[in-house]
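Notebook open, model loaded. I want to look at the pocket, then a strand, then the metal site.

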Amino acid sequence: MGPAEFVSLVGPSGCGKSTLLKVLAGVLVPTAGAAEVGGETVIGRPGRTAYMPQKDLLLPWRRTLDNATLGAELHGTAPAEARTRAVPLLERFGLAGFERAWPEELSGGMRQRVALLRTFLLDRQVLLLDEPFGALDAITRRRMYAWLETVWLHDRRSVLFVTHDVEEALTLSDRVHVLSPRPGRVVDTVEVGFPRPRTADLIGDAAFVRMRRRVLAALGG
Amino acid sequence: MTAVGGLRRWAPATVLLVGLVGAWELYVILRRPAAYVLPSPGRIGEAFVESWPLLPTHVATTVAEALVGLAIGAVAGAGLAVVITAVPLARRVLEPVLVASQTVPMIVLAPLLVLWFGIGMSPKIIVVALITFFPVAVSTTSGLTGVDPDLVDLVRSMGARPGQVLRTVRLPAAVPAFFAGLRIAAAYAVAGAVVAEYVVAQRGLGVFLERSRRSFQVDRIFVAVVIIAALSAALFAAVGLAARVASPWHVTNKAEEAP
Ligand SMILES: Nc1ncnc2c1ncn2[C@@H]1O[C@H](COP(=O)(O)OP(=O)(O)O)[C@@H](O)[C@H]1O
Ligand SMILES: [Mg+2]
């Protein structure tokens, strides 16, 4: 994938999407194959990408703001400085007023946004997002698509987005790779050329419907 | 905690306790066992009042030994847990030794400790520490190793070194397990100090017990038993309180307090 691109991986459950992201995040060493980011291998070398796991994995003993700044702290940034950088972003992530809330006090959608903010604050050029909206209800999800696009358009980093939801992938991405069941191989690639910012009625668009049929066919095998 | 909530929480235990004491009193009134075999609860109450002037120094000594011993046991237990988790070799070397240390009966070990460390407070403190470090070490170890591996992967993906993983994820995640072990330890700490005093001591509830036994003052033995039980319960409750204070993020803790 190129810089500033939003690319999705769609595939059936268990085809290895999460596994691939863990390899790219450098925390899982594959038995064979290569993985490069910016021309350098990332195998066994964590810390090069901003990885958001499938579960939100907020630390229950840290307040919203301290969860968001976790990465900066691990990179040696002073906590005060990391907070100063994070505070203006809280508004954009819909978390203003909740900086001192414990994760247990947040709704599923808010926890997900905290996890996304934590990932965005990592200051890496490549974001790896593993089904970030998988645990949300359909209505909250739709709202999150528009929101994520806005946030992403703001600083335009490369995103590799994993999902098993075809509409989600087509709504958000510049390009969609379709994976086969395990072991996952790319069986089709769809270029999604819709202009941004995209609107909610995109789903009814004839081109969108055609793409969805094509992806579903590739998935159905 | 509200008054009504407190009442609802403690009422069943209180009713049971009052019932048992009542049945005991009734049994003594009806069957009239000799006072040196089984004194009535009323008689024990009188003995409590009579021995009141003697008690503070004994209680203070035992409590001091229990608290210092528990503190040492807690620190040692938590420290061992960290070492065992961080160094796989340490686990294989230490685990059998730790388990073995728990199989030696304290009643065997205590006289040896007196031989080595004298008749002062130190052998008692050592006994309490030996009893209490074990549940803390076992529980904290399972807390440290039972952390969600995805959480560890997350901070590793951010470039965290092993020491940082320990500090940001494993240690905080193990806090509840540490306190669970400490609660068990707290329940045994006072009784441990008393057992050690029983062997030889100048002051302490164990001494009070031993003197009462020698003079066949069974009522005073019961006084000591009640005090030991009350101190243990208080220590147990204090650790529970400390656990809540130490994990303010548990919103459910606060919710429980609502009626
Ligand atoms: N290419 C592969 N090589 C080895 N194991 C794989 C591969 N793909 C998937 N797996 C295994 O399949 C299981 C499910 O993979 P996962 O990445 O969680 O699937 P997904 O996220 O697509 O639902 C994991 O236990 C993983 O180890
Ligand atoms: Mg997955």
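Before I look at volume, a note to self: a pocket here is an open set of grid points where a 1.4 Å probe fits, with protein on both sides within 12 Å along at least five of seven lines. I also keep in mind that this is a predicted model.

Entry one, the pocket. I looked up the largest pocket and got about 730 Å³ of space. It has 32 lining residues, and those closest to its centre are Leu9(A), Leu20(A), Leu24(A), Ala34(A) and Leu160(A). I sorted the lining by type: 21 nonpolar, 9 polar and 2 charged. Which element gives the most to the lining? Helix 1 of chain A does, with 4 residues. Strand 1 (6-10) and strand 6 (158-163) of chain A are among the elements that each supply at least two residues.

Entry two, strand 1 of chain A. Is it buried or exposed? I find 5 of its 5 residues buried. Phe6(A), Ser8(A) and Val10(A) sit on one side, Val7(A) and Leu9(A) on the other, and both faces are covered. Strand 1 pairs in the parallel sense with strand 6 over 5 bridges, where Leu9(A) stands opposite Val162(A). Strand 1 also pairs in the parallel sense with strand 7, over 4 bridges, and there Val10(A) stands opposite Val178(A).

Entry three, the magnesium ion (ligand 2). Its protein donors are Ser18(A) through OG and Gln54(A) through OE1, at 2.0 to 2.4 Å. Ser18(A) lies in helix 1 and Gln54(A) in the loop between strand 4 and helix 2, so the pair ties together parts 36 residues apart in sequence. I checked exposure too: Ser18(A) is partly exposed at 23% relative accessible area, and Gln54(A) is partly exposed at 39%.

Conventions
Residues are numbered from 1 along each chain as its sequence is written. Chains are lettered from A and ligands numbered from 1 in the order in which they are written. This is a predicted model: local features need pLDDT of at least 70, side-chain atom pairs count only at pLDDT 80 or more; totals for chains, interfaces and linings use all residues. Side-chain values use heavy atoms; hydrogens and water are left out. Donors are N, O and S atoms within 2.8 Å of the metal (3.2 Å for Na, K and Ca); water is not among the atoms, so sites may look incomplete. Buried means under 20% relative accessible area, exposed over 50%, partly exposed in between (1.4 Å probe, protein chains only). On a 1 Å grid over the protein atoms alone, a cavity is a set of points where a 1.4 Å probe fits but cannot get out, and a pocket is an open set with protein on both sides within 12 Å along at least five of seven lines; lining residues have an atom within 4 Å of a point. Grid points are joined across faces, edges and corners, and a volume is the space filled by probe spheres set on the points. Ala, Val, Leu, Ile, Met, Phe, Trp, Tyr, Cys and Pro count as nonpolar, Asp, Glu, Lys and Arg as charged, and the others, Gly among them, as polar. Two strands pair if DSSP finds at least two bridges between them.
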